[in-house]
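I opened the notebook to jot down what I looked up here. Two topics for today: confidence in chain B, and a pocket.

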Amino acid sequence: MPDDSSADHEATQPFGVAPRTTDGSEQPEVGNKVGDGDGADGDDMEQSRELPPPPLPPRPSLHVPSSRPPASGSFRLSKRTSRPQLLSQPTTALSVADVHTQGRGENATATSSSASRAVSRKHSASHSGRFLGNSDSGGEDSASVISYAPTLDARLDGESLLGDVPAEATTPAWRALSAQIERDNPFETVPPESDVATLQIQHEFDEIGSVDAHGSNEETLLEAWKTKLKHFFILSASGKPIYSRHGDDQLISNYIGIAQTIISFYQGADDPLRGFTAGGARFVMLSKGPLNLVAVSRLGESDAQLRTQLESLYMQILSTLTLPSMEKMFSNRPSTDLRRPLQGTDVLLDGLADGFTRGSPSTLLSALECLRLRKTHRRAINDTLLRVRSPNLLYGLIVAAGRLVSVVRPKKHSLHPGDLHLIFNMLFEAGSVRAGGGENWIPLCLPGFNNTGYLYMYVSFFSTSERDGSGPHERPAATGGKDDELAIVLISAQKEGFYELRKMRDDLVEQLENNGSMDVIKSAIRKGHASCSDIVPGTVLRHFLYKSRGNVQFTMPSFEPYFHGLGHRRKLMSLYQTLHESIHSRTAHLKVQHCVGRDATALAWETPLFELYCVAGPQATRASLAQGANRIVQWIRREEERVFIIGGAVF
Amino acid sequence: MAARMQQGGRPGGARFAQFKLVLLGESAVGKSSLVLRFVKDQFDDYRESTIGAAFLTQTIALDDQTTVKFEIWDTAGQERYKSLAPMYYRNANCAVVVYDITQASSLDKAKSWVKELQRQANENIIIALAGNKADLVAEQPDKRAVQTADAEAYARESNLLFFETSAKTAENVKELFTAIAKKLPIEQASQRGMRGPAGRPGGVDLGNRQEAGSAGGGPGGCNC
Ligand SMILES: Nc1nc2c(ncn2[C@@H]2O[C@H](COP(=O)(O)OP(=O)(O)OP(=O)(O)O)[C@@H](O)[C@H]2O)c(=O)[nH]1
Ligand SMILES: [Mg+2]
């Protein structure tokens with residue numbers, strides 16, 4: 001495994017705050033290590049059945065911080081306006097004086113569009129630092145210290161908070177966004193013709209079709225292909241195409257060839273190319289052992305953000321094949337065509353890719369969203385999960401409309417948000433499992449947990465809509481949106497554990513129904529997201545993202561009424577990307593970032609406990625934005641145990 | 001749950017038996033579509049490839065005294081899942097091996113499944129061969145790649161039930177499953193205390209979910 005594999009091994013982020021032990025002495029058996037057969041059937045799911053289960057990957061040793069700031073206490077909002085002096089003491093106060101304002105004009109000029117390779121490298125370094133930092137954090141804020149380095153610098157060098165804009169803090173993203181929305185107010189009623197991205201995203205997911213026998217339609221198809229805002233390619237080190245979001249092999253073969261040539265040119269020079277800008281699009285490369293992944297985006301994400309997306313696609317491939325099995329295939333035959341063993345997983349890769357193109361808060365923040373429930377209700381559900389837990393269960397999840405309701409897990413194994421993202425994608429974006437109309441038993445590798453072996457996942461869906469009060473078996477197939485569906489997901493290392501987990505599901509459902517929890521869950525799903533003005537009456541805020549860093553979870557209000565439809569959603573996400581990058585890029589010195597545009601004003605605010613991104617209308621003042629942000633933080637403080645799963649059901 | 005409902009509702013003298021059925025065949029021949037037609041009477045023109053395996057149940061009445069419940073494993077046809085198949089067929093009482101009548105190669109694959117079943121599965125397993133997508137050749141006869149007579153001859157010599165089906169139009173779908181049910185040893189299975197037809201545990205259970213739970217995951221000795 002090449003150098004950059006460490007992230008995959010160690011990126012197990014905690015879910016919940018329970019400390020983990022890392023000795024690995026009581027590892028659960030992971031069934032079916034792959035890859036010890038001969039090359040011929042190296043893509044089979046299990047071959048080395050006689051071998052002992054593979055060891056879990058090494059886990060980072062935990063430096064449990066001596067004291068985690070008590071959640072409630074540290075959310076105290078001070079009235080101070082001076083900046084914090086103590087590194088270990090996060091301030092959660094936000095005052096106007098702390099806010100750095102970024103106007104559109106500065107952005108346009110300050111940004112170098114073709115971020116030099118030096119900058120790219122910085123981005124990626126900051127990205128990986130953050131990745132590892134989080135993974136080591138064990139749920140404790142202070143352990144993520146690597147990711148705060150820039151922030152801490154900024155505090156020491158605090159005057160720059162208010163003064164000059166570091167050029168690198170403004171990103172091509174903001175520029176691109178500004179360019180796209182030149183004279184529109186995208187969050188109000190916009191004539192869509194004037195907005196390229198809004199217009200194009202409507203067709204972003206249309207099929208391109210394939211080249212006909214004579215190649216006569218090739219030109220037309222290529223035109224359509226070129227209008228896509230975003231492309232993802234995966235190719236093998238030897239240049240074989242493995243995946244492309246748009247266009248079939250024939251259509252894109254030239255482009256794959258070019259990409260391969262460029263990549264190998266730089267690899268040959270021992271100076272791998274990480275990204276470049278051409279034709280208004282940002283190209284970002286990620287090399288992962290035998291695979292090269294390429295993202296091409298006109299949506300203005302930063303390199304680090306695009307690389308996170310590529311990492312996720314890579315994790316999906318590992319989830320299908322496991323790392324040793326994939327490596328084995330390539331070491332046996334470097335020209336292996338990975339399409340065959342990956343057959344049928346295009347829908348999963350597409351699901352991820354399209355999520356990134358639409359803009360996924362979950363991916364942007366590397367965090368998960370939970371269903372908001374009363375603390376006592378959540379506890380009742382957790383207790384039920386623990387009561388019915390069957391002996392071979394590793395993880396159990398209740399997921400509603402893409403949001404987590406509850407988790408049951410062993411004390412020493414946390415859940416990696418990246419793994420959960422893969423599961424959610426499989427359940428809610430790809431149709432196969434949901435539309436199957438039955439229960440499912442799915443072998444999969446959760447690379448964040450252990451990228452060398454398979455686990456087995458029991459999945460059962462329920463419709464939660466009123467009209468369908470019948471049991472799980474009666475769920476109408478392929479009907480109903482994903483928004484009213486509830487999935488019970490039970491994961492075990494036991495290949496033959498289906499009936500055991502099925503029994504657990506039956507017991508769980510019966511008890512949840514008897515103790516009223518099922519109704520509670522269903523009504524919470526039906527209620528959906530609260531709007532911003534429900535949360536903070538009278539606020540100027542139109543939307544926000546709040547990430548609790550310790551819990552690796554985020555919460556947000558509904559997109560309605562301001563961000564209706566794909567185009568507006570996308571634009572909002574672009575803004576969030578920009579804000580995110582402005583406080584995360586290595587060169588960012590900012591703890592609070594304030595952006596003003598013709599279409600929106602926005603604010604990003606980072607502390608060791610949380611990240612908060614707020615968006616208001618174009619006329620909102622800095623003070624009202626700051627006030628809104630403070631009130632969100634107050635609301636979270638009150639609701640913390642409702643909007644987040646703190647700990648979950650741990651055994 | 002369905003099983004419990006079934007149990008209570010039977011008058012004395014009625015026969016109720018439960019059997020495990022597995023579907024095998026190349027990817028995209030229509031296994032999931034056949035099951036969905038049988039279980040929900042639905043069909044999707046576009047259906048994503050199965051990931052892993054899906055488990056569904058369906059109960060049919062053979063006559064007003066006899067009810068058969070199928071516990072159906074719809075397996076994934078993709079190559080990489082091949083080695084998991086024994087887990088699903090090892091305990092099965094019956095199997096439907098599906099090919100696509102417009103794809104000759106899919107019959108070859110079906111034949112290799114039949115061979116594997118006859119070698120490795122329960123020795124009394126009832127196997128049905130289903131040539132699916134019959135609707136396609138009804139419209140365009142030149143699309144047919146496997147002649148009915150050829151497949152029928154193969155089925156006869158291999159002792160298989162045989163149907164040409166269409167999940168899309170429902171043609172022969174109910175018939176297929178009913179024919180299988182009629183060949184199953186209902187008499188044996190519905191006598192309390194009997195073991196499965198092959199004398200193995202787990203092949204048949206009498207609606208007792210606990211029993212299904214302990215036996216169904218495959219016999220303990222499975223080392224696949
Ligand atoms: N015209 C026609 N199309 C069918 C029929 N049965 C299935 N299909 C189509 O064939 C495609 C594949 O069907 P599936 O049921 O997913 O095939 P499968 O055998 O389950 O495939 P795997 O899950 O990959 O093993 C789908 O697009 C179906 O709509 C049929 O009887 N007639
Ligand atoms: Mg299928």
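A word I need for the pocket notes: helices (H or I, at least four residues) and strands (E, at least two) are DSSP runs, numbered from the N terminus.

Entry 1, the model as a whole. I'm working with a predicted model. Its scores are ipTM 0.82 and pTM 0.74.

Entry 2, chain B. I looked up the average pLDDT of chain B and got 83. In that chain, 79% of the residues score at least 70. Then I went through its elements: strand β4 (residues 94-100) of chain B has the highest mean pLDDT, 98, and strand β7 (residues 204-205) of chain B has the lowest, 34.

Entry 3, the weak stretches. Where does pLDDT stay under 50 in chain B? I found residues 1-10 of chain B and residues 192-224 of chain B. For residues 1-10 the model has 17 contacts beyond four places in sequence; for residues 192-224 it has 71.

Entry 4, the second largest pocket. I noted a volume of about 730 Å³ for this pocket. Its lining has 29 residues, and the closest to the centre are A:E207, A:S244, A:R245, A:D346 and A:D350.

Entry 5, who supplies the lining. Which elements of chain A each give at least two residues to the lining of the second largest pocket? My list reads β3 (241-244), α12 (339-342) and α13 (346-358) of chain A. The largest share, seven residues, is from α13(A). Sorted by kind, the lining residues come out as twelve charged, nine nonpolar and eight polar.

Note on methods. Residues are numbered from 1 along each chain as its sequence is written. Chains are lettered from A and ligands numbered from 1 in the order in which they are written. This is a predicted model: local features need pLDDT of at least 70, side-chain atom pairs count only at pLDDT 80 or more; totals for chains, interfaces and linings use all residues. Side-chain values use heavy atoms; hydrogens and water are left out. pLDDT is the predictor's confidence in each residue, from 0 to 100. Contact means heavy atoms within 4.5 Å. On a 1 Å grid over the protein atoms alone, a cavity is a set of points where a 1.4 Å probe fits but cannot get out, and a pocket is an open set with protein on both sides within 12 Å along at least five of seven lines; lining residues have an atom within 4 Å of a point. Grid points are joined across faces, edges and corners, and a volume is the space filled by probe spheres set on the points. Ala, Val, Leu, Ile, Met, Phe, Trp, Tyr, Cys and Pro count as nonpolar, Asp, Glu, Lys and Arg as charged, and the others, Gly among them, as polar.
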